Amino acid sequence: MTCKGICERYKITKGKKNESWYKKGAKRCTVCTIFIEWEGLWCPCCGYMLRNKPKGNQYKKTLKRSRID
Ligand SMILES: [Zn+2]
Ligand SMILES: [Zn+2]
């Protein structure tokens, strides 16, 4: 899982608020360290799962808890 430079095509230019980015389908790739406009769940560049929520900690916590139980 490495950046191949493909994400540059979907790169979102700065100048807009983060919240509106996410609403438009913008997602952050932690591998490419970039915000891209992509409807899929995985990065078209490196194939890593994208983050599409500014604060996704709550979902992660519930998922972890259910696994332990
Ligand atoms: Zn990339
Ligand atoms: Zn990526």
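# A tour of the predicted model

In the protein, 45% of the contacts between residues at least 6 apart in sequence join residues at least 24 apart. The model is predicted. Keep the whole chain in view to begin.

**Stop 1: the whole protein.** Colour by secondary structure. The protein has 2 helices and 2 strands. Along the sequence they follow the pattern α-β-β-α. Now colour by burial. Of the 69 residues, 14% are buried.

**Stop 2: the strand pair.** Select 26-29, which is strand E1, and 34-37, which is strand E2. The two strands pair in the antiparallel sense, over 4 bridges. Pick out two of the partnerships. Ala 26 in E1 has Glu 37 in E2 as its bridge partner. Cys 29 is partnered with Ile 34 of E2.

**Stop 3: the two faces of E1.** Show the side chains of E1. In a regular strand the side chains alternate between the two faces of the sheet. Here, Lys 27 and Cys 29 make up the covered face of E1. Ala 26 and Arg 28 make up the uncovered face.

**Stop 4: the turn.** Move to the link between the strands. E1 and E2 form a hairpin, with 4 residues between them. Select Thr 33, which lies in this loop. Its phi is near 50 degrees, a positive value in a residue other than glycine. Is Thr 33 buried or exposed? Thr 33 counts as exposed, because it has 9 C-beta neighbours inside 10 Å, and the cut-off for exposed is 12 or fewer.

**Stop 5: Cys 29 and its contacts.** Return to E1 and select Cys 29. Which residues does Cys 29 contact, leaving aside neighbours within four places in sequence? They are Cys 7, Ile 34, Ile 36, Cys 43, Cys 45, Cys 46, Tyr 48 and Leu 50. Ile 34 is also the bridge partner from Stop 2.

**Stop 6: the core.** Widen the selection from Cys 29. The largest nonpolar core has 9 residues, and Cys 29 is one of them. The other cysteines in this core are Cys 7, Cys 32, Cys 43 and Cys 45. Add Phe 35, Ile 36, Trp 38 and Leu 50 to complete the set.

**Stop 7: back towards the start of the chain.** Select Gly 5, in the segment before helix H1 (18-23). Gly 5 is exposed, because 10 other C-beta atoms lie within 10 Å. Now add Cys 32, a member of the core from Stop 6. Gly 5 and Cys 32 are 27 residues apart in sequence. In space, the pair is 8.3 Å apart, C-alpha to C-alpha.

Technical notes
Residues are numbered from 1 along each chain as its sequence is written. Chains are lettered from A and ligands numbered from 1 in the order in which they are written. This is a predicted model: local features need pLDDT of at least 70, side-chain atom pairs count only at pLDDT 80 or more; totals for chains, interfaces and linings use all residues. A residue is buried if 20 or more other C-beta atoms lie within 10 Å of its own, exposed if 12 or fewer, and partly exposed in between; C-beta atoms are placed from the backbone. Two residues are in contact if their C-beta atoms, placed from the backbone, lie within 7 Å. A nonpolar core is a set of buried Ala, Val, Leu, Ile, Met, Phe, Trp, Tyr and Cys residues joined through C-beta atoms within 7 Å. Two strands pair if DSSP finds at least two bridges between them.
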